[in-house]
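User: I'd like to learn how to read the nonpolar packing and the cysteines in a model like this one. Can you walk me through it?

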Amino acid sequence: FSGQTTCAAKDGALMAAIADQALAIPPSATHVVVSVGGNNAISAVNLLKEPVASAEEALLRLHKFAREFEAELEQTIQNLITVVGTGKSVIVCSIYNPCFRPFNVTTVTQETSNLCVALLHDACVRVATRFGLPVIDWRRVCTRREDFANPIEPSSAGGQKMAEAIASVIEK
């Protein structure tokens, strides 16, 4: 892939920030890549730390969170498509699993986090397919300890793998 890239993303931003970030997309852009939901997923994990009367109540809380996430994502993607206009390909990137074990994170389990990511990933896929957009599954890209600089951020090696995955989709 040879071309120019513009990064409009802001570290730590939630999905709601995409509307402002989209304003930085240059008119000459041919592709728009949106990676969404990782910071939102932290809220889903935090839900599981709250006391509940039963396992069913915990699952219902997660289900409600995932439904609300999906509705917000659908509106966000619709707005993004409207802002960038026709003639630009939009690619949706889902959420990667964090890398808690190798970094000795003990405040939340890897399994709990992976479950929350899976729920939100499914929402990303459903929304993207409704709009006929390709999806890159970051969980299949960032798979090794070396792909992470810390428990929740990709390393330069992980970033390289992500760039290659995006280039592969653009070249198709």
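Analyst: Sure. Keep in mind that this is a predicted model. A nonpolar core here is a set of buried Ala, Val, Leu, Ile, Met, Phe, Trp, Tyr and Cys residues joined through side-chain atoms within 4.5 Å. In soluble globular proteins, nonpolar side chains tend to be buried together.

User: Which residues touch the most other members of the largest nonpolar core?

Analyst: Those are Val-34, Phe-69, Leu-73 and Leu-80, in a core of 31 residues. Helices H1 (18-22), H2 (38-47), H3 (55-84) and H4 (110-130) each give two or more residues, and so do strands S1 (31-35) and S2 (89-93). H3 gives the most, with eight residues.

User: What does Leu-80 touch, leaving out residues up to four places away in sequence?

Analyst: Leu-80 has Ile-18, Ala-22, Ile-25, Val-32, Val-34 and Val-90 as contacts. Apart from this core lies another one, of twelve residues, including Ile-136, Val-141, Met-162 and Ala-165.

User: On to the cysteines: how many disulfides does a search of the whole structure find?

Analyst: The general idea is to check sulfur pairs against a cut-off of 2.5 Å. Here the search comes back with zero disulfides.

User: Why is Cys-93 not bonded to Cys-124?

Analyst: Because their sulfurs are 9.4 Å apart, which is too far for a bond, and Cys-124 holds the closest cysteine sulfur to that of Cys-93. Cys-93 is also buried, at 0% relative accessible area.

User: And Cys-142: buried or exposed?

Analyst: Buried, with a relative accessible area of 5%. Cys-142 is in no disulfide either, its nearest cysteine sulfur being that of Cys-99, 9.6 Å away.

Methods: Residues are numbered from 1 along each chain as its sequence is written. This is a predicted model: local features need pLDDT of at least 70, side-chain atom pairs count only at pLDDT 80 or more; totals for chains, interfaces and linings use all residues. Side-chain values use heavy atoms; hydrogens and water are left out. Buried means under 20% relative accessible area, exposed over 50%, partly exposed in between (1.4 Å probe, protein chains only). Helices (H or I, at least four residues) and strands (E, at least two) are DSSP runs, numbered from the N terminus. Contact means heavy atoms within 4.5 Å.
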